[in-house]
Amino acid sequence: MRSCGVLCTPQLPGSVLLFLCHGALAMLDWKNGSMGENGEKLLLDIASVLLSLSSELKEPSVATSLSRILVIWTNSALAALVSGSPDLKLKLNGSSDIIGKLLEYIYTHWDHPLDAIRHQTKLIFKNLLQIHQTTIGGSNGKSDPFFARLIKHLLSLDWHVKGKYTSLGSLVECVGTENILQLDRTIPVRILDVMSDQSLAPYASDLLETMFTNHKAHFTLSFQKGTWIDQWHNIWVSPLLVILCEGNHDQTTYIIDYYLPKLLKCNPDSLSYMIRILQASSDANLGSCSTRGALGALMACLRTARAHGHLELSNIMSSGLVSTECIKQGLVHQHSQVCIDALGLLCETHRTTEIVSLEEMQLIQFFMLYNLNNQSPSVRQQIISLLRKLFCRIQESSQVLYKLEQNKTKQELVEKTTKMPPLRILQQYKDFMSSVCARLFEVLFPGSSHPTRFCALSILESIAEIFSVPKGQAQVFQLDQEMDSARVQTLIQCFASTFEEVKILAFRLLMKLRDVALNLQGSENLDLLFQAAIDLSTSTKPYDCVTASYLLNFLVYHKGLQHICLGKRLEHNSQLDENTSVSTVEKNTLAVIKLLLVNIEEEIFQAKKSLLQAAASFPMYGRVHCINGALQQLPFNNLTLVAEWKEIVTRLILMSYSLSAVVSPVVQSSSPEGLIPMDSDPESADRLQMILHEIQPQDTNDYFMQAKILKEHCKEGSERLADQRPMKNTCMEMRGKDRQACDVTAQMVLVCCWRSMKEVSLLLGTLCKLLPSQTTSEPSEGLITVEQVKNIGDYFKHHLLQSRHRGAFELAYAGFVQLTEMLSRCNSESLHKMPERWLSCVLEEIKSCDPSSTLCATRRSAGIPFYIQALLASEPKKGKTNLLKMAMKELISLAAPLNESLSVIPQVHALNILRALYRDTRLGENIMPYVADGIKASILGFMSPVWAVRNSSTLLFSALITRIFGVKREKDENSKKNRMTGREFFSRFPSLYPFLLKQLEVVTSTLNSETEELKIHPSLFLLLLILGRLYPSPMDGSHSALSIAPFVPFIIRRTEYCLQASSSVNKTGLSRRNSSWAFEEFLFSSSGIFRLVGVELWLL
């Protein structure tokens, strides 16, 4: 213990002191008074050291350790108090200095962004209350002034503070619910009102559970059984029923999810009270499209009760409490959530093996007649989820019934319960599932709506998945036995949907049923489907190539594809037929990719001659998309034809480079969108030619210089178009192949080019994954070589830094991310270091201000932020994040205001890149240490005389505000959501305290006191936006180095001049007298500084 005196010396680093304190608390015995007087002094000294360190140690892991050690200290203090001296009890009671500082720590950290720190803060507060209870001994805690002050203080806080709920919950355990309700009887209603916010709903429900559980225990001990239940219902149940009937959608949803189950668990008998009250008014209050009404509230209560085992549906239906007609009303209610609750009542049970009754199956069929076309995605997902639970129930209960069928004794018990034998129930199950499938296939007719198709396919997929069991096991239903050629054709027709999620669902379902589906395809139908896929791969409609891809991915599983389809189009390879070890999928996929590759190589050759012709007749991105889709199907770790695949991969890489070279002049143009001439007749083309000469883009590009009409088999040049007579409608003059006309616009060319770049990027990203993770100096055994990967990396670098079109560089980014993630996992030193070299090169190029640099300084730096994002986000998060540290150091130094004589382009690039990095959620907490520097750069950049810098600074500032305070979810500017206390803000970003104070002082100094002239400083608005999101913390009345009080005089002075200037020109109609009155109100209110900020923003 003597050696622990070093804790009080200031020479040691903070982290060393922290863990020395931890060691002292862990190793010394604080029980039974064995430490004596010196030990008590050491315990108090440790607390002082820990609390002083809390303002210094801000790194997330160290701050978490500090909070955990403070919990250990409170436990040690509790142990020491049991046999401690009166002096120790005096120094640890609620009015002591140490307890005050602990409360200050709690108020600062109870809304901390890290869950671990919030949880430890809650434990510290609970232990602190126990410490005070121990110090007062046998005194009545309910009347203790310390507890009374805490309750009064916590109730005065706004209800958006999450820490308020956990603290009040801890206090309830000490003083009881009744004592708190005596101060304010509306607390339950006010907490229920808060539950419209999902972020607060869990905290609010936990507090309510603590309160009504404690209140019930109090009533049980104080009154006879049955005499108190009505009063308890009036306080905790009646407000709930009112909100369920009339509340808004979010509030009722969160109350049902978080509060209602806990209430029924505490007192299951309350369900009968709820049913009685709601049944009495259900006929008069059916609800509407915006409110549930009594019927909706009844469905919600019944659903929750059954799901948690408090209710048997058969019992309440047989007793007449709830009728079948009542449930039917709920199933077709105009409020969609009431329909979901009624469906949940039928599908959700406490036991997954509970038998599904015939009445339930009939009600489910009734529901499916009217609700499969719901327009809300969230409602559709709930319908699918609930029906999946029902199918699982049927599957699991059927297995139980099969076992009972073999046991005659138990079979008799089932018959007594269900009044029918197990085999009859199983037959009902089979008939029900068959009718459900028939209904689902019936609604998949051509032209059916997207919601209907989505629901039907999702439910069918659930059925196929749930009722697929190993062979030899009894199965009540099998979907493949319900399939015929017409139904398979129905699923294939779903590929034609313009919604990709419908294509995905249809493909997944066909894959689950592929043995049956492929056997039902004849050779003639197979050839037609394959030819349709090849034709669709060159369609000018982008979604057609997606259809082609899914169709080909389905057909490659057919064993006869080689002979029936591919044999007509490719040279036959007899060696593949002889090699029986090669899987059907691998052989067919290799042949399909070869066919597509041959076609696209020919089309690229034609596109080099005329990109206009290619865009109009055979846009190449469709073929590449199909190749990419086919590669996704392959098990690359288990390929047999390795030599053939190596050759194909090499050809694919070369093809990608060739296609990129053809289309890159368009997407890299400074004005890639060009002019979009929708009219294509010669007269309009002549007029557009005149306009194009007047409005020429910076980069001259022949593709946008004129609107052209291509005539197939027509040798006349574009110069003769002006001599042709105007055509009323070129589409109407298609009289045959020799005279077929094809209209081309700049829009078509651009779509062809950027989609081609997109598919090439995704293809190259996929190919990079083929590099084995173990690479040596020997030739690689993988399908792609190290040198090819390096070349692909250089390709991505070139196009991300050169492309101007957002669609092109966003999707090049997607492929580049795949490459960088592979490099981060690769153990080859040369490959592993590539991201670092690329990052260093691009940062040097940004800093160089080279006039010959091709980096785009407009379009928010185009692809440069994406390039750096990909390099940093793929860095392992558990490592040292050296790339992030290096990049942020360079970027923040560049983002600082530069000398006016220097170029501002590096500053603009740095601001744009920083904005992208702060918005990237993958960087997580690793980016938070640089937030303060980003705020400084954005505020200083806003004062730049250059518009580009000010614009980029504004965008950066907006991203940082969202990063710090969260996404704004309310229109109410006075709401305190997405805000934090001044103490919490400045404790997280301490360097901003002197910076903001100095900037506010500079802003205020721009006022001309002699002429009272108001001069608006450029950074004023940004400063006020930050200060307006801060509010006083509970401990602002005490001494603190981070108090927001120093900001008040500057805000007051600024607001005085705003009010005077506004009054002098009569803009607001406020007299000086009214202004003074308003000023006093702002000044003496608890949040005066922030109301002043609001007034000044309004006046500005």
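User: I have this model open and want to learn to read it residue by residue. Is serine 167 buried or exposed?

Analyst: Happy to help! Serine 167 is buried, with a relative accessible area of 2%. Keep in mind that this is a predicted model. The cut-off for buried is under 20% relative accessible area, so a value of 2% puts serine 167 in that class.

User: Where does serine 167 lie, and which residues is it in contact with once its neighbours within four places in sequence are left aside?

Analyst: Serine 167 belongs to helix 8, which covers residues 162-175. Its contacts, with those sequence neighbours set aside, are Trp110, Phe125 and Leu154. You can also follow the fold through a C-alpha distance: lysine 126 is 41 residues from serine 167 in sequence, and the two are 7.8 Å apart in space.

User: Let me try threonine 121. What is its place, and what does it touch?

Analyst: Threonine 121 sits in helix 6. Not counting residues up to four places away in sequence, it touches Tyr105, Ile106, His109 and Trp110. Threonine 121 is buried too, with a relative accessible area of 2%. Trp110 is worth clicking on, as it appears in the contacts of threonine 121 and in those of serine 167.

User: What is the relative accessible area of isoleucine 868, and which residues surround it?

Analyst: Isoleucine 868 has a relative accessible area of 0%, and counts as buried. You will find it in helix 42, residues 864-873. Leaving aside neighbours within four places in sequence, isoleucine 868 is in contact with Leu839, Val842, Leu843, Ile846 and Ile913. Its C-alpha atom is 9.7 Å from that of leucine 884, a residue 16 places away along the chain.

User: Those examples lie in helices. Where is histidine 558 found, and is it buried or exposed?

Analyst: Histidine 558 is in the loop between helix 29 (542-555) and helix 30 (561-564). At 14% relative accessibility, it counts as buried. With residues up to four places away in sequence not counted, histidine 558 touches Leu518, Gln521, Leu526, Thr584 and Asn588.

User: And what does partly exposed look like for aspartate 193 and serine 199?

Analyst: Partly exposed covers the values between the cut-offs for buried, under 20%, and exposed, over 50%. Aspartate 193, in helix 10 (residues 187-194), falls there with a relative accessible area of 44%. It touches Ile243 and Gln251, not counting residues up to four places away in sequence. The C-alpha atoms of aspartate 193 and threonine 252 are 9.9 Å apart, with their positions 59 residues apart along the chain. Serine 199 is in the loop between helix 10 and helix 11 (201-222) and is partly exposed at 35%. From serine 199 to histidine 160, 39 residues away along the chain, the C-alpha separation is 9.4 Å.

User: How do I read a pair of helices, such as helix 18 and helix 19? At what angle do they pack?

Analyst: Look at the angle and at the distance between the axes. Helix 18 (residues 324-331) and helix 19 (residues 336-347) pack at about 135 degrees, and their axes are 7 Å apart. That angle makes helix 18 oblique to helix 19. In the contact, Ile327, Gly330 and Leu331 of helix 18 meet Val338, Cys339, Ala342, Leu343, Leu345 and Leu346 of helix 19. By class, this contact has 8 nonpolar, 1 polar and no charged residues.

User: What about empty space? How many residues line the largest pocket?

Analyst: Rolling a probe the size of a water molecule over the atoms shows where empty space is left. In this model, the largest pocket holds about 1200 Å³ of space. Its lining has 36 residues, with Lys162, Phe965, Gly966, Val967 and Asn978 nearest the centre. The elements giving two or more residues to that lining are helix 6 (115-136), helix 44 (905-919), helix 46 (947-965) and helix 47 (982-988). Helix 46 gives the most, with 5 residues. The lining includes 12 nonpolar, 9 polar and 15 charged residues.

User: To finish, how many helices and strands does the protein chain have, and what percentage of its residues is buried?

Analyst: The protein chain has 52 helices and 4 strands. Of its 1100 residues, 52% are buried. Among contacts between residues at least 6 apart in sequence, 74% join residues at least 24 apart.

Definitions and conventions:
Residues are numbered from 1 along each chain as its sequence is written. This is a predicted model: local features need pLDDT of at least 70, side-chain atom pairs count only at pLDDT 80 or more; totals for chains, interfaces and linings use all residues. Side-chain values use heavy atoms; hydrogens and water are left out. On a 1 Å grid over the protein atoms alone, a cavity is a set of points where a 1.4 Å probe fits but cannot get out, and a pocket is an open set with protein on both sides within 12 Å along at least five of seven lines; lining residues have an atom within 4 Å of a point. Grid points are joined across faces, edges and corners, and a volume is the space filled by probe spheres set on the points. Ala, Val, Leu, Ile, Met, Phe, Trp, Tyr, Cys and Pro count as nonpolar, Asp, Glu, Lys and Arg as charged, and the others, Gly among them, as polar. Axes are lines fitted to C-alpha atoms, for helices over the stretch in contact, and angles run from 0 to 180 degrees between N-to-C directions. Angles under 35 degrees count as roughly parallel, over 145 as roughly antiparallel, 65 to 115 as roughly perpendicular and the rest as oblique. Contact means heavy atoms within 4.5 Å. Buried means under 20% relative accessible area, exposed over 50%, partly exposed in between (1.4 Å probe, protein chains only).
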